[in-house]
Amino acid sequence: MLDNSDDTEIHPLFAGAPSSTEFRKLRKRLIRETRSAIEDYGMVRPGDRWLVCLSGGKDSYTLLAVLHELKWRGLLPVDLLACNLDQGQPGFPATVLPEFLSKRGVEHRIEYQDTYSIVTAKVPQGRTYCALCSRLRRGNLYRIAREEGCSAVVLGHHRDDILETFFMNLFHGGRLATMPPKLLNEDGDLTVLRPLAYVAEADCERFANAMRYPIIPCDLCGSQEGLQRVQVKKMLDEWETRSPGRRQVMFRALMNVRPSHMLDPKLFDFFALSPSDPENGTDNRHHNPTL
């Protein structure tokens, strides 16, 4: 998609990028996959303003760089506002992201809200922080998006996050569901977008490491042992080691759902499914796709 681009002209977020062929291929793959997800799920309304959430992790740095590259090349006709929510975690390096963004000329907003104290006070010992933490973070991001005139909250979840969430819902929630690339919030006034939906986590890690972005670890949920997501990630890693490419095959399955071959009567009219009756001129074969 960008194979004919001039690699001597890049956005400042790519300044200092390695000149190796391997890195150029990685960069183009990230841009191609992100653009494909944006187009496949109809994420863009020209002239909109996006709140791009930046945690300081490898995924959000990758998201920020790729979106700005697409916009800089005229392929993403929206305004971008980077936003970091400082949740008051002890030892959080509050100056890292403002300095990083200012140096590269990225429009941004840094918001301080001490949700850390709320989470640690309300969650019983031994329970995971993730649910309450994410709910408080999401509420603040929605508020900021409205205050800044943004129509979308843009998150850095990638292919592996989506796949892990599917298995967490399967094993622990008793439902077939995951994080969709595009979602309307409950109030119906904001969309939640995940442009990295097609991007592998390993590519985000390779990219952020190659760019030497200042990674900020999460010391809240990252400090807890035995999280369900960690267990699922380990399981998927083992599958991938035994059968390389397994993750991508499973991800493609999420995009190839056959309601008639599942068990949810709300998604398929099983009551209307019946054999054809040539004498009465009925043909119900369209209800029963080929296995």
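# Exercises on a predicted model

Among contacts between residues at least 6 apart in sequence, 75% join residues at least 24 apart. The model is predicted, and its secondary structure comes to 9 helices and 6 strands. Of the 291 residues in the protein, 41% are buried.

## Exercise 1. Classification of two ring pairs

Classify the aromatic pair of Phe-23 and Phe-207 and that of Tyr-198 and Phe-251, then place each in the chain.

**Solution**

Step 1. A pair of aromatic rings is described by the distance of the centres and the angle of the planes. The structure holds 12 aromatic pairs.

Step 2. For Phe-23 and Phe-207, the centres are 5.8 Å apart and the planes make an angle of 15 degrees. Planes under 30 degrees apart count as stacked, and this pair is accordingly stacked.

Step 3. Phe-23 belongs to helix α1 (residues 21-40) and Phe-207 to helix α7 (residues 201-211); with their positions 184 residues apart, the pair links distant parts of the chain. Phe-23 and Phe-207 are both buried.

Step 4. For Tyr-198 and Phe-251, the corresponding values are 6.2 Å centre to centre and 80 degrees between the planes. An angle over 60 degrees counts as edge-to-face, which is the class of this pair.

Step 5. Tyr-198 is in the loop between β6 (191-193) and α7, whereas Phe-251 is in helix α9 (residues 246-254), and the two are 53 residues apart. Tyr-198 and Phe-251 are both buried.

## Exercise 2. The ring cluster

Determine which residues the ring pairs link into a cluster with Phe-23, and identify the residue that lies over the face of Phe-14.

**Solution**

Step 1. The cluster consists of Phe-14, Phe-23, Tyr-61, Phe-100, Phe-207 and Tyr-213. The stacked pair of Phe-23 and Phe-207 is part of this cluster.

Step 2. Over the face of Phe-14 lies Arg-27, at 5.1 Å from the ring centre.

## Exercise 3. Packing of α8 with α9

Describe the geometry and composition of the contact between helix α8 (residues 228-242) and α9, and characterise Met-250.

**Solution**

Step 1. The two helices pack at an angle of about 115 degrees, and their axes are 8 Å apart.

Step 2. From α8, the residues Lys-233, Leu-236, Asp-237, Trp-239 and Glu-240 meet Arg-246, Arg-247 and Met-250 of α9. This set comprises 3 nonpolar, no polar and 5 charged residues.

Step 3. Met-250, in helix α9, has a relative accessible area of 16% and is therefore buried, the cut-off being under 20%.

Step 4. Beyond four places in sequence, Met-250 touches Leu-163, Phe-167, Leu-236 and Trp-239. Leu-163 is 87 residues from Met-250 in sequence, but their C-alpha atoms are 7.7 Å apart in space.

## Exercise 4. Annotated positions and Gln-87

Locate the positions that UniProt annotates, and compare the burial classes of Cys-130 and Gln-87.

**Solution**

Step 1. An unreviewed UniProt entry places the "PP-loop motif" at residues 55-60. The end C-alpha atoms of this span lie 6 Å apart, and the span is 50% helix and 0% strand.

Step 2. The annotation "binding site" in the unreviewed UniProt entry covers Cys-130, Cys-133 and Cys-221. Of these, Cys-130 lies in helix α5 (residues 130-147).

Step 3. Cys-130 has a relative accessible area of 33% and so is partly exposed.

Step 4. Gln-87 is in the loop between β2 (79-86) and α3 (96-103). Its relative accessibility is 10%, so Gln-87 counts as buried.

Step 5. Not counting residues up to four places away in sequence, Gln-87 touches Gln-113, Asp-114, Thr-115, Tyr-116, Cys-133 and Arg-137. Cys-133 in this list is also covered by the "binding site" annotation of UniProt.

How values were computed:
Residues are numbered from 1 along each chain as its sequence is written. This is a predicted model: local features need pLDDT of at least 70, side-chain atom pairs count only at pLDDT 80 or more; totals for chains, interfaces and linings use all residues. Side-chain values use heavy atoms; hydrogens and water are left out. UniProt positions are given in the numbering used here, feature names are shortened, and annotations may be inferred rather than shown by experiment. Helices (H or I, at least four residues) and strands (E, at least two) are DSSP runs, numbered from the N terminus. Rings of Phe, Tyr and Trp (its six-membered ring) pair if their centres lie within 6.5 Å; planes under 30 degrees apart count as stacked, over 60 as edge-to-face and the rest as tilted. Buried means under 20% relative accessible area, exposed over 50%, partly exposed in between (1.4 Å probe, protein chains only). A charge sits over a ring if NZ of Lys or CZ of Arg is within 6 Å of the ring centre and within 35 degrees of the ring normal. Axes are lines fitted to C-alpha atoms, for helices over the stretch in contact, and angles run from 0 to 180 degrees between N-to-C directions. Contact means heavy atoms within 4.5 Å. Ala, Val, Leu, Ile, Met, Phe, Trp, Tyr, Cys and Pro count as nonpolar, Asp, Glu, Lys and Arg as charged, and the others, Gly among them, as polar.
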